[in-house]
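Me: Please take me through this model by question and answer, keeping to what the coordinates support.

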Amino acid sequence: MFETIKSAVLTAAILAAGSSAHAASFNIAEDILPGGGVSTLQAERAVWAAASGATLSSEGFEGLSSGDSFFDFGDFSVSIATGAFTLFGANSLTRTEGENGLGFSGNNIVTFLFDSVQTAFGIDWSSFDQTATNVAYADNGGGANDDLFEPVVTAGAGFFGVNNLNGFTEISFTVTQTETLEFDNIQYGSVAPVPVPAGLPLLIAGIGTLAYLRRRKS
């Protein structure tokens, strides 16, 4: 009986070791840059990208038209709950690439839906209003933050990024007060899963067989 229990414990330990690389992890990188500071924003984004460990793709919202509430970019789509998006092109605060940024205002919810599981998501953002920004983040992998952007009392910009090893396919940003925001240079990607050693399934099967034979013998 003792040998059977020991085998079961050993099997559980091996399984746990094999899955440890996929342990849940959620963290945020955030930098607030009142009054601009594009070079600092780019540096913060680069640090987050390196820490994410993911192969990243990007979208800069070029070639779009204002007035739509839904855009499909192939890998993902983005929608707004009420009203329509505005394409801003004159904001120098986060003009880190291209000419357009995805803008929205008022109490609203912006949702990103991905076709495959992601573990990393980052945005450049800017606030046009001279009021404190209040935006909540949530994803369907358990990641959440009720107050993303620290108060920016003048027009300002920043970078926001998340790494969530649980994986997610949906992200929402909820604006809980009147605000005008712009998103630009979305980056997203996933960490490649750690392969299971080739011999591990055979080892587990062998331990299970050994436990069965010892149980029969006893």
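The turns below cover confidence, the nonpolar cores, two side-chain pairs and one loop residue.

Me: Where in the protein chain is confidence lowest, and where is it highest?
Reply: This is a predicted model, and its chain has a mean pLDDT of 74, with 62% of residues at 70 or more. Over residues 1–24 pLDDT stays under 50, and the model has 18 contacts beyond four places in sequence for that stretch. By element, the lowest mean is 32, in helix α1 (residues 2–19), and the highest is 96, in β4.

Me: Which residues touch the most other members of the largest nonpolar core?
Reply: That core has 28 residues. Strands that each supply at least two of them include β4 (76–80), β7 (108–127) and β10 (156–175). Apart from this core lies another of 5 residues, including Trp48 and Phe159. In the largest core, the members touching the most others are Phe112, Phe121 and Phe173.

Me: Which aromatic residues does Phe173 contact, leaving aside neighbours within four places in sequence?
Reply: The contacts of Phe173 include Ile109, Val110, Leu148 and Asn108. Among its aromatic contacts are Phe112, Phe121, Tyr137, Phe160 and Phe183.

Me: What is the geometry of the aromatic pair formed by Phe76 and Phe114?
Reply: The whole structure holds 19 aromatic pairs. In this one, the ring centres are 5.5 Å apart. The pair links strand β4, with Phe76, to strand β7, with Phe114, 38 residues apart, and both residues are buried. The angle between the planes is 40°, and the pair is tilted.

Me: Why does the salt bridge of Asp124 and Arg45 tie together separate parts of the chain, and how many residues apart are they?
Reply: The count for the model comes to 1 salt bridge. The side chains of Asp124 and Arg45 meet in a salt bridge at 2.7 Å, N to O, and both residues are buried. Asp124 is in strand β7 and Arg45 in helix α2 (residues 38–52), so the pair joins parts whose separation in sequence is 79 residues.

Me: Is Gly60 buried or exposed?
Reply: Gly60 sits in the loop between β2 (55–59) and β3 (70–72). Beyond four places in sequence, Gly60 touches Glu97, Asn100, Asp184 and Asn185. The C-alpha atoms of Gly60 and Asn100 are 7.0 Å apart, although the two residues are separated by 40 residues along the chain. The relative accessibility of Gly60 is 12%, and the cut-off is under 20%, so Gly60 counts as buried.

Technical notes: Residues are numbered from 1 along each chain as its sequence is written. This is a predicted model: local features need pLDDT of at least 70, side-chain atom pairs count only at pLDDT 80 or more; totals for chains, interfaces and linings use all residues. Side-chain values use heavy atoms; hydrogens and water are left out. A nonpolar core is a set of buried Ala, Val, Leu, Ile, Met, Phe, Trp, Tyr and Cys residues joined through side-chain atoms within 4.5 Å. Buried means under 20% relative accessible area, exposed over 50%, partly exposed in between (1.4 Å probe, protein chains only). Helices (H or I, at least four residues) and strands (E, at least two) are DSSP runs, numbered from the N terminus. Contact means heavy atoms within 4.5 Å. Rings of Phe, Tyr and Trp (its six-membered ring) pair if their centres lie within 6.5 Å; planes under 30 degrees apart count as stacked, over 60 as edge-to-face and the rest as tilted. A salt bridge is a side-chain nitrogen of Lys or Arg within 4 Å of a carboxyl oxygen of Asp or Glu. pLDDT is the predictor's confidence in each residue, from 0 to 100.
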